[in-house]
Amino acid sequence: MDQELLTTLKALSDASRLRIVGLLASRPYAVEELADDLSLAPGTVVHHLKRLRAAGLVDARPRRPYVEYFLRLDRLHAVGRMLHAMEVGSEDRTTLPGPDGESLPAFEAKVLRAFIVDGRLSSIPAHEKKRLVILEYLRDRAFTEDRPYPEKEVNQRLAIFHPDVAALRRYLVDNNLMTREAGIYRRAPEPVQ
């Protein structure tokens with residue numbers, strides 16, 4: 001983990017510092033104002049502000065007769081983006097068991113476990129990325145051989161998984177997972193990687 005991110009997360013791990021960040025999110029505050037609002041000693045508030053400044057979350061500017069502290073929203077947003085990138089990155093690298101127990105990339109496993117119930121498709125996902133995972137799963141289960149499939153057979157094979165065979169056929173062709181010519185379907189050639 002990035003050391004700067006770790007420092008920031010440690011700074012945010014204290015309840016008093018989180019309360020300070022919450023107050024500063026609304027407007028700049030002087031130490032005395034923060035101390036009054038949080039029922040803390042001014043020295044304690046200064047200690048917490050030093051930790052938040054070291055993490056880059058808070059900055060100060062003179063405002064006679066005090067020094068005002070304000071939240072650096074840009075830094076807070078950057079931390080959120082870093083955490084999101086870590087989650088997305090770890091999702092791509094890790095594997096989880098799919099509905100058949102085989103090890104799959106985490107995203108695919110989660111989608112399949114959400115939509116494949118007792119070997120059947122509970123619903124066709126509206127989200128395109130999730131639908132593609134489902135379609136690849138169906139193609140690999142229903143059309144294992146590279147041969148011509150008449151439309152009637154395609155319908156029978158897809159009906160095992162879901163009653164809306166027309167939508168599934170259309171999605172398979174539209175996503176280049178199957179080809180269709182004169183009512184005959186074939187597995188589309190695998191893309192060269």
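Start with the three strands β8, β10 and β9 of this predicted model: select them in that order and you have an open, antiparallel sheet. Its edges are β8 (149–150) and β9 (178–181), and each of these pairs on one side only. As a reminder, strands of a sheet pair through backbone hydrogen bonds, either parallel or antiparallel.

Next, show β8 together with β10, residues 184–187, where two bridges link the strands in the antiparallel sense. Look across from P150 and you will find I184 of β10. Now turn to the other partner of β10: β9 and β10 are joined by four antiparallel bridges, and here I184 is the bridge partner of E181. Follow the chain from β9 into β10 and you pass through a hairpin with two residues between the strands. Stop at A182 in that turn, where phi is positive at about 55 degrees.

**The aromatic pair**

Select F143 and Y149. What angle do the planes of their rings make? The planes stand at 75 degrees with the ring centres 5.0 Å apart, so the pair is edge-to-face. The model has one aromatic pair by the rule used here. Buried or exposed: which is F143? F143 is buried, at 0% relative accessibility, and Y149 is buried with a value of 0% too.

Keep F143 selected and display what surrounds it. Leaving aside neighbours within four places in sequence, the contacts of F143 are L138, Y149, V154, R157, L158, L172, M178 and R187.

**Two nonpolar cores**

From F143, widen the selection to the largest nonpolar core, which has 26 residues. The members touching the most other members are L112, L121, I134, L138, F143, L158 and L172. Colour the elements that give two or more residues to this core: α6 (106–115), α7 (128–142), α8 and α9 (165–174). Of these, α7 gives the most, with six residues. Another core, of 18 residues, lies apart from this one, and its members include A11, V31, L52 and V58. In soluble globular proteins, nonpolar side chains tend to be buried together.

**A stop on α8**

Go to N155 in helix α8, residues 151–159. N155 is partly exposed, with a relative accessible area of 22%. Which residues does N155 touch, not counting those up to four places away in sequence? They are V165 and R169. You can also draw a distance from the C-alpha atom of N155 to that of A166: the two residues are eleven apart along the chain, and the atoms are separated by 7.7 Å.

**The other three-stranded sheet**

Now select β1, β3 and β2, which form an open antiparallel sheet in that order. β1 (29–30) and β2 (58–63) are the edge strands; each has a single partner strand, so one side of each has no neighbour in the sheet. Between β2 and β3 (residues 66–71) there are six bridges in the antiparallel sense, and R63 stands opposite Y66 in β3.

Zoom in on the loop between β2 and β3, where P65 is found. The peptide bond joining R64 and P65 is cis, with omega at about 5 degrees. Then add helix α2, residues 15–24: this helix lies across β1, β2 and β3 and runs at about 95 degrees to β3.

**T8 on helix α1**

Move to T8 in helix α1, residues 3–11. T8 is buried, with a relative accessible area of 0%. Which backbone oxygens does the side chain of T8 reach? One belongs to E4, at 3.0 Å, and another to A55, at 3.4 Å. Not counting residues up to four places away in sequence, T8 touches A55, L57, R75 and V79.

**Two loop residues to finish**

Most residues other than glycine have a negative phi, and most peptide bonds are trans. With that in mind, select S39, a residue other than glycine with a positive phi of about 55 degrees. S39 sits in the loop between α3 (31–38) and α4 (42–54) and is exposed, with a relative accessible area of 66%.

Last, select N176 in the loop between α9 and β9. N176 is not a glycine either, and its phi is positive, near 60 degrees. Buried or exposed: how does N176 count? N176 is exposed, at 59% relative accessibility.

Notes: Residues are numbered from 1 along each chain as its sequence is written. This is a predicted model: local features need pLDDT of at least 70, side-chain atom pairs count only at pLDDT 80 or more; totals for chains, interfaces and linings use all residues. Side-chain values use heavy atoms; hydrogens and water are left out. Two strands pair if DSSP finds at least two bridges between them. Buried means under 20% relative accessible area, exposed over 50%, partly exposed in between (1.4 Å probe, protein chains only). A polar contact is a pair of N or O atoms within 3.5 Å; within protein, one must be able to donate a hydrogen and the other to accept it, and residues adjacent in sequence count only if both atoms are side-chain atoms. Contact means heavy atoms within 4.5 Å. A nonpolar core is a set of buried Ala, Val, Leu, Ile, Met, Phe, Trp, Tyr and Cys residues joined through side-chain atoms within 4.5 Å. Axes are lines fitted to C-alpha atoms, for helices over the stretch in contact, and angles run from 0 to 180 degrees between N-to-C directions. Rings of Phe, Tyr and Trp (its six-membered ring) pair if their centres lie within 6.5 Å; planes under 30 degrees apart count as stacked, over 60 as edge-to-face and the rest as tilted.
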